[in-house]
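Dear colleague,

I am handing over the structure we spoke about, and below it I have set out what was found in it. Please read the notes with the model open beside them.

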Amino acid sequence: HPFKQIYMACFFLLLCKKNEYRQKAISYFLIGWIVFAFYSLYLVTTGQFDTNVNEQGFGRVHYLMGINANLHTVISSIGMTLFFEKLINSNSPTRILVFAGLTLVGLLIVFYGASRTGILFLIACLVSIAVKYFFDKKHHGNLFLHRAKVILLTLFSVLLGFYFITTSETSNLFYQSTIHRFEDTIEKDDYGDRNHLTFATLKIVLENPLGVGWGNTDEMLGISAHNDYARIFAEVGIMGGILLLIMVFIVVRNTLLWMKLPDNFGIGIIMIFLLVRMAQGSSLSERNFWFFLVLHALPPIKNAITK
């Protein structure tokens, strides 16, 4: 029932104009993420994961629940980013322990996919949040203690996570695989190959300005374009690509407006880096991308933003 889905999508869009509803949507997302995270831990500890070595001979890539390793890592990073923000903003000892534990779980499962783009995505999000709240003067209380708290919680989360990763035999397998893939990236310039694919895709755009049709770039290149922006231009033509850029501009503008509201910085920074990640992946085929895009498709209701 496509029309029913369209009506439901429009209804969800209108609901997300109110901050209270979008916060509830994020809460439901995090509940699902907790189930996803602990089930991932269960599969890893029981050895129920698939391992393969890609054609370029890079380090091992791991698949859980049949999910692409890059997607698994990005989902893990999103949940960890949101819980890390809650950890920094919480003053309750009980909540700090809960959020610290969930942040640690997120860090552990991030490495299971051995995804380089996913880990870089996580680092970008966490650094942005740490910097933002370190210099944030709108909190209540002593500024020095607040900054000390941000630094200590950041170091504690990262160091404790690396402790578990490097001491656990199972987790260390994933950690070493991730490190190996980063080393091969430097030695064999895998991202250089992706840039070559981008230029090859843009060449298709110049030769076929009206587009070559959905899904045909993979067949023409013999491999995924690894760049959603270039792929859309190639498949639906220059006009279709321009419409995509207009959509991205609107979403970025709305995201910046939403980030002025309380409890929306982490959600917004995730959306911005998901848009950046489109240049090195296939975000448009991932449901989590569209979930966060819908949250920023419309601006906040009037008078919601205060100086």
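There are zero disulfides in this structure, which is a predicted model. For background, a disulfide is a covalent bond between the sulfur atoms of two cysteines. Two cysteines may still deserve a look: Cys16 counts as buried because its relative accessibility is 3%, and Cys125 is buried as well, with a relative accessible area of 0%.

As for the overall architecture, the protein contains 12 helices and two strands, and from the N terminus on the order of these elements is α-α-β-β-α-α-α-α-α-α-α-α-α-α. Of the 307 residues in the protein, 45% are buried, while the surface that the protein exposes comes to about 16400 Å², with carbon and sulfur atoms supplying 66% of it. If one takes the contacts with a separation of 6 or more, residues 24 or more positions apart account for 71% of them.

Two of the helices can be checked against the span expected for their length. Helix α2, which covers residues 19-45, has 27 residues and should span 39 Å at 1.5 Å a residue, and its end C-alpha atoms are indeed 39 Å apart, so the two values agree. After α2 comes Gly47, a residue whose phi is positive, near 75°. Helix α3, residues 69-89, has 21 residues and reaches 31 Å from its first C-alpha to its last, which is close to the 30 Å expected at 1.5 Å a residue. This helix α3 is mostly covered, with 18 of its 21 residues buried.

Turning to the aromatic side chains, the structure holds nine aromatic pairs. One of them is formed by Phe29 and Phe291, whose rings are stacked, at 5.3 Å centre to centre and with 10° between the planes. Because Phe29 lies in helix α2 and Phe291 in helix α12 (residues 287-295), this pair ties together parts that are 262 residues apart in sequence. Phe29 also pairs with Phe292, in this case edge-to-face, with 5.4 Å from centre to centre and 80° between the planes. That second pair likewise links distant parts of the chain, since Phe29 is in helix α2 and Phe292 in helix α12, 263 residues apart. Taken together, Phe29, Phe291 and Phe292 form one aromatic cluster. How much of this cluster is covered can be stated residue by residue: Phe29 and Phe291 are both buried, the relative accessible area of Phe29 being 18%, which falls under the 20% cut-off for a buried residue, and Phe292 is buried with a relative accessible area of 0%.

There are also charged side chains placed over aromatic rings. Arg22 lies over the face of Trp258, at 3.7 Å from the ring centre, and the charged end of Lys132 sits over the ring of Tyr133, 4.4 Å from the centre of that ring.

Two further buried residues have contacts that are worth tracing in the viewer. Thr201 is found in helix α8, residues 190-207, and counts as buried because its relative accessibility is 0%. Once its neighbours within four places in sequence are left aside, Thr201 is in contact with Leu221, Ala225, Ala230, Arg231 and Ala234. Which residues does Glu235 touch, not counting those up to four places away in sequence? Glu235 has its place in helix α10 and counts as buried at 3% relative accessibility, and the residues it touches are Gly211, Val212, Gly213, Trp214, Gly215, Asn216 and Thr217. With one of these, Gly211, the backbone separation can also be given: the C-alpha atoms of Glu235 and Gly211 are separated by 4.5 Å, although the two residues are 24 residues apart along the chain.

One last detail of the backbone concerns Asp263, which is located in the loop between α10 (228-258) and α11 (265-277). The phi of Asp263 is near 65°, a positive value in a residue other than glycine.

With best regards

Conventions: Residues numbered from 1 in each chain as written. Predicted model: local features only at pLDDT ≥ 70, side-chain atom pairs only at ≥ 80, totals over all residues. Heavy atoms only, no water. Helix = DSSP H or I, 4+ residues; strand = E, 2+ residues; numbered from the N terminus. Expected span 1.5 Å × (residues − 1). Buried < 20%, exposed > 50% of the residue type's maximum accessible area, 1.4 Å probe, protein only. Contact = heavy atoms within 4.5 Å. Areas by Shrake-Rupley, 256 points an atom, 1.4 Å probe, with all protein chains shown as cover. Disulfide = S-S within 2.5 Å. Phe/Tyr/Trp six-rings, centres within 6.5 Å; stacked < 30°, edge-to-face > 60°. Lys NZ or Arg CZ within 6 Å of the ring centre and 35° of its normal.
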